[in-house]
Amino acid sequence: ASIASVCDKEVEHRNRNLPHNLSGVSTVSVSDIPTLAFPSISTADFQFDIEKASDIIVEKVEEFLSKVTNARLVLVDLSHRSMILSMVKARAALKHIDSDRFFTFVGDITQLYTGGGLHCTAIANAANWRLKPGGGGVNAAIFNAAGPSLETATKERAGSLSPGSALVVPLPSSSPLHKNQGVTHVIHVLGPNMNPQRPNFLNNDYKKGCEVLHETYSSLFNGFLSVLK
Ligand code: AR6
C-alpha cells in the first residue's frame, strides 16, 4: 500500500506542477514555494541501515518544518520499489506530517522539473569527502548534470568535507541544472559510512553512525535555511 501511495503522490504532483508546455522551454521560470529535494543520505553506497535512517529522516524533517513555514522538503529516489521511500512515507503518515510540506517523489534528482514537473530551489548531494565528481550514485549524477561549473564553484568554497557536514554551493546560471531544472543551489553533504571499502568506515558502530546521520541532516537543513535567507 505504501508503494502505491508513493506512486499516487508522484502522479498527483505531476498533474499539479506540470508545466503547460515543456517543448521549446529552455529556461525554467516558476515561482513556487522554496523546495529542497534530497536523496536518502548514506543508505546505498555507504550501506547505512534503512530502518534507522528512516527514523532519523522523519525526525529531522519534523524538526525543520517546525522552524519554517514557507518551505518544503522532498525525499527523492529513482525507483517505485525504493524501500527507503516506502518506509519514510509510512513513518511520516504515522506522525501526521503535512504531505504538502514533506513528501516522497520517484525520479532522477537531476531531472525533477523536466522529468516530473517538480520545481526545486535546491538539491542535496550525497557527496564524497574529496567533493569530487564521479564515484557513482547521486554524486556522479549531479556533477554530470551540472557540468564543470559545479566543480569549479565547489572548489572555490572547500577542498573537502568531514562526515556530518554540509557545503552550500550556488549554481552558476550557465549550469544546465540551473537553466533547465531551475535549481539555484547544490548542497553537498557527507553522511556516515558503513562500507568497509570507503573512507571513514564506522565498522558497524551505529551509536556513532546515528549521531553522524543526525548531524548530516541538521547541516543539510541548516544549509537550506541559509539559502532561504
Ligand atoms: N536521483 C535520485 N536518487 C538517486 C540518484 C538519482 N540520480 N542516484 C542515486 N540515488 P548513494 P551514499 C539514490 O549511493 O549511500 C557516491 O559514490 C540512491 O538510490 O548515491 O550516501 C559518493 O561519491 C540512494 O537512495 O549515496 C560517495 O562516495 C541515495 O540516492 C558515496 O557514494 C543515496 O545513494 C555516498 O554513498
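**Exercise 1.** Which residue is the bridge partner of Ala166 in strand 6? Identify how strand 6 pairs with its neighbours.

*Solution.* The structure is a predicted model. Begin with the residue named in the task: Ala166 has Val189 as its bridge partner in strand 6. Next, take the strands as units. Strand 5 (residues 166–170) and strand 6 are joined by 5 bridges and run antiparallel. Then turn to strand 4 (residues 122–126), which runs parallel to strand 6 and is also joined to it by 5 bridges. Within strand 6, Ile187 stands opposite Ala124.

**Exercise 2.** Determine how many residues of strand 6 are buried, and describe the largest nonpolar core.

*Solution.* Strand 6 spans residues 185–189, and 4 of these 5 residues are buried, so that the strand is mostly covered; a residue counts as buried if 20 or more other C-beta atoms lie within 10 Å of its own. The largest nonpolar core contains 58 residues. Val189 is among those with the most contacts inside this core, together with Ala37, Val74, Cys120, Ile123 and Leu220. To examine one of them, consider Ala37: leaving aside residues up to four places away in sequence, Ala37 touches Val74, Val76, Ile109, Leu112, Cys120 and Ile123.

**Exercise 3.** Describe the shell around the ligand by its nearest residues, its composition and the elements that supply it.

*Solution.* First, of the 25 residues around the ligand, the nearest are Pro39, Ala44, Asp45, Gly135 and Gly137. Second, sort the shell by type: 11 residues are nonpolar, 10 polar and 4 charged. Third, assign elements: strand 2 (72–77) and helix 5 (137–146) each supply at least two residues. Helix 5 provides the largest share, with 4 residues.

Note on methods:
Residues numbered from 1 in each chain as written. Predicted model: local features only at pLDDT ≥ 70, side-chain atom pairs only at ≥ 80, totals over all residues. Near = placed C-beta within 6 Å. Nonpolar A, V, L, I, M, F, W, Y, C, P; charged D, E, K, R; others polar. Core = buried A, V, L, I, M, F, W, Y, C linked by C-beta atoms within 7 Å. Buried ≥ 20, exposed ≤ 12 C-beta atoms within 10 Å, placed from the backbone. Contact = placed C-beta atoms within 7 Å. Pairing = 2+ DSSP bridges.
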